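Trainee: I would like to go through the terms used for this structure and see what stands behind each.
Mentor: Then have it in front of you.

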Amino acid sequence: MKADTHPDYHEITVQLTDGSTYTTRSTWGNEGDTLKLDIDPSSHPAWTGVHRLVDTAGQLAKFNKKFEGFGLKA
């Protein structure tokens, strides 16, 4: 390999939504950093069959506020 052309490959800790962790090697972050997942196989609807909305950075609340008066009248 050529020197200084590839990203640093190091160990990080991945934290799942249930709090469990595992160590893997990655180019993400720095050595020893913890990657906290918002969605993983224990919480994703494709694997659980349960639909759950995840609100990151208030986007879901912003959407609901914008369209709160919009709906079908019975």
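Mentor: This is a predicted model, where local features need pLDDT of at least 70, side-chain atom pairs count only at pLDDT 80 or more, and totals for chains, interfaces and linings use all residues. Residues are numbered from 1 along each chain as its sequence is written, and side-chain values use heavy atoms, with hydrogens and water left out.

Trainee: What makes Phe63, Phe67 and Phe70 a nonpolar patch on the surface?
Mentor: Patch residues have over 30% relative accessible area and no salt bridge (a side-chain nitrogen of Lys or Arg within 4 Å of a carboxyl oxygen of Asp or Glu). Like charges are joined within 9 Å, and nonpolar side chains (Val, Leu, Ile, Met, Phe, Trp, Tyr) within 5 Å. Together, Phe63, Phe67 and Phe70 have about 370 Å² of accessible area, by the Shrake-Rupley method with a 1.4 Å probe, where for residues only the protein chains shown count as cover.

Trainee: Why is His10 called buried?
Mentor: Buried means under 20% relative accessible area, exposed over 50%, and partly exposed in between. His10 has 2% relative accessibility, so it counts as buried.

Trainee: Which backbone oxygens does the side chain of His10 reach?
Mentor: That of Trp28 is at 2.9 Å, and that of Gly29 lies 3.1 Å from a polar atom of the side chain.

Trainee: How do you know that β1 and β2 pair?
Mentor: Two strands (DSSP runs of E, at least two residues) pair if DSSP finds at least two bridges between them. Strands β1 (residues 10-15) and β2 (residues 21-26) have six bridges, in the antiparallel sense, so they count as a pair. His10 stands opposite Ser26 in β2.

How values were computed: Helices (H or I, at least four residues) and strands (E, at least two) are DSSP runs, numbered from the N terminus. Buried means under 20% relative accessible area, exposed over 50%, partly exposed in between (1.4 Å probe, protein chains only). A polar contact is a pair of N or O atoms within 3.5 Å; within protein, one must be able to donate a hydrogen and the other to accept it, and residues adjacent in sequence count only if both atoms are side-chain atoms.
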